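Student: Could you take me slowly through the empty spaces in this protein, both the closed ones and the open ones, and tell me what surrounds them?

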2 protein chains.
Amino acid sequence: MKELFGSPGRVSGLGLRVGQFSFAAASIGVMVSAREFFNSTAFCYLIASMGLQLLWSFGLACLDLHALRSKRNLQNPVLVSLFVVGDWVTSLLSLAAACASAGVAILYTNDLHYCKRPPFLPCSKFQISIALAFISWFLLAISSHVMFWLLANV
Amino acid sequence: MKELFGSPGRVSGLGLRVGQFSFAAASIGVMVSAREFFNSTAFCYLIASMGLQLLWSFGLACLDLHALRSKRNLQNPVLVSLFVVGDWVTSLLSLAAACASAGVAILYTNDLHYCKRPPFLPCSKFQISIALAFISWFLLAISSHVMFWLLANV
């Protein structure tokens with residue numbers, strides 16, 4: 001197998017995982033601090049999806065750290081297949097959640113004007129949380145593509 | 001290059017492309033026929049994105065048909081790279097549009113109850129259009145993965 005930027009068991013891979021779970025945690029934090037987020041199904045789904053991504057990326061970060069410290073090679077076909085499936089499922093769910101929330105946030109801001117009129121929703125917090133979710137998804141998408149490329153080159 | 005299900009210049013590839021543009025056209029048709037769709041930015045974006053997918057898939061279907069009739073081989077690295085970039089960009093935009101619209105449709109149906117109370121929006125039409133968009137995206141996602149796999153195996 002080739003050694004690529006972001007492959008499992010490398011410092012770049014560990015960096016990507018740390019970025020993924022940090023941004024996912026920040027996204028959850030900002031969304032939970034926003035008033036009345038629970039009135040929209042999409043925002044609750046974003047929290048659930050970012051929670052899943054947090055757990056997955058944190059788990060893989062621990063695995064990468066263990067592999068780096070014990071100098072073990074994580075690049076065998078069975079492990080990479082597992083990473084590919086997990087990464088793709090998580091990244092699809094995250095993208096779906098981020099896009100659904102973005103659709104609702106734009107509806108609130110531009111179409112229903114709920115930010116400047118009653119019920120005066122905290123749209124800026126929604127937008128920051130969604131932006132953090134998109135960054136987290138983007139980092140996960142890089143990992144997913146690297147894994148898929150590694151698997152195709154087995 | 002390997003011969004895979006759905007590769008360019010094969011009957012299965014042509015079938016996928018025909019499915020993609022048919023479902024995209026059906027999604028646009030149902031959405032345009034729904035009253036007050038233009039009040040939501042996400043639904044307008046869905047129409048724009050499905051329009052782009054319609055053009056892209058129709059163009060590639062014509063190319064596949066030409067390759068099948070003249071028995072030419074479309075699987076050279078430059079062409080496949082072009083297909084990969086186009087497929088991935090189109091499929092990301094389609095998924096984002098479908099998810100954003102789904103978020104808004106769920107907000108209308110479950111959270112704001114705009115389907116059973118005034119303004120009595122035609123939620124079932126929105127849902128059918130979004131379901132068709134998801135089917136169209138799913139077919140495009142198959143094509144994208146096949147192309148990426150072909151490119152990785154160059």
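Tutor: What follows takes the closed space before turning to the open ones. Please keep in mind throughout that this is a predicted model, and that the values below are computed from it.

Let us begin with the closed kind of space, the cavity. When the whole structure is searched, one cavity of 30 Å³ or more is found, and the volume of this largest cavity is about 60 Å³. If you look for its walls in chain B, you will find that the lining includes G6(B), S7(B) and P8(B), as well as G13(B) and R17(B). Further along the chain, L60(B), L63(B), D64(B), L74(B) and F83(B) also line the largest cavity, together with S143(B) and M147(B). Three helices of chain B, namely α1 (11-33), α2 (41-70) and α4 (123-152), each contribute at least two residues to this lining, and among the contributors α2(B) gives the most, with three residues. Sorted by class, the residues around the largest cavity are six nonpolar, four polar and two charged.

Now turn to the pockets, which are open. The largest pocket holds about 350 Å³ of space. It is lined by 17 residues, and those closest to its centre are W88(A) and L92(A) from one chain, with W88(B), W137(B) and H145(B] from the other. In chain A, α3 (77-111) and α4 (123-152) each supply at least two residues of this lining, as do α3 (77-111) and α4 of chain B. The greatest contribution to the largest pocket is that of α4(B), which gives six residues. By class, the lining of the largest pocket has twelve nonpolar and five polar residues, with no charged residues.

The second largest pocket has a volume of about 180 Å³. Its lining is made of 13 residues, and the ones that lie nearest its centre are A102(A), I106(A), Y45(B), A96(B) and A100(B). Two or more residues of this lining come from each of α3 and α4 of chain A, and from each of α2 and α3 of chain B. Here the largest share belongs to α3(A), with five residues. In the lining of the second largest pocket there are eleven nonpolar and two polar residues, and again no charged residues.

Technical notes. Residues are numbered from 1 along each chain as its sequence is written. Chains are lettered from A and ligands numbered from 1 in the order in which they are written. This is a predicted model: local features need pLDDT of at least 70, side-chain atom pairs count only at pLDDT 80 or more; totals for chains, interfaces and linings use all residues. Side-chain values use heavy atoms; hydrogens and water are left out. On a 1 Å grid over the protein atoms alone, a cavity is a set of points where a 1.4 Å probe fits but cannot get out, and a pocket is an open set with protein on both sides within 12 Å along at least five of seven lines; lining residues have an atom within 4 Å of a point. Grid points are joined across faces, edges and corners, and a volume is the space filled by probe spheres set on the points. Helices (H or I, at least four residues) and strands (E, at least two) are DSSP runs, numbered from the N terminus. Ala, Val, Leu, Ile, Met, Phe, Trp, Tyr, Cys and Pro count as nonpolar, Asp, Glu, Lys and Arg as charged, and the others, Gly among them, as polar.
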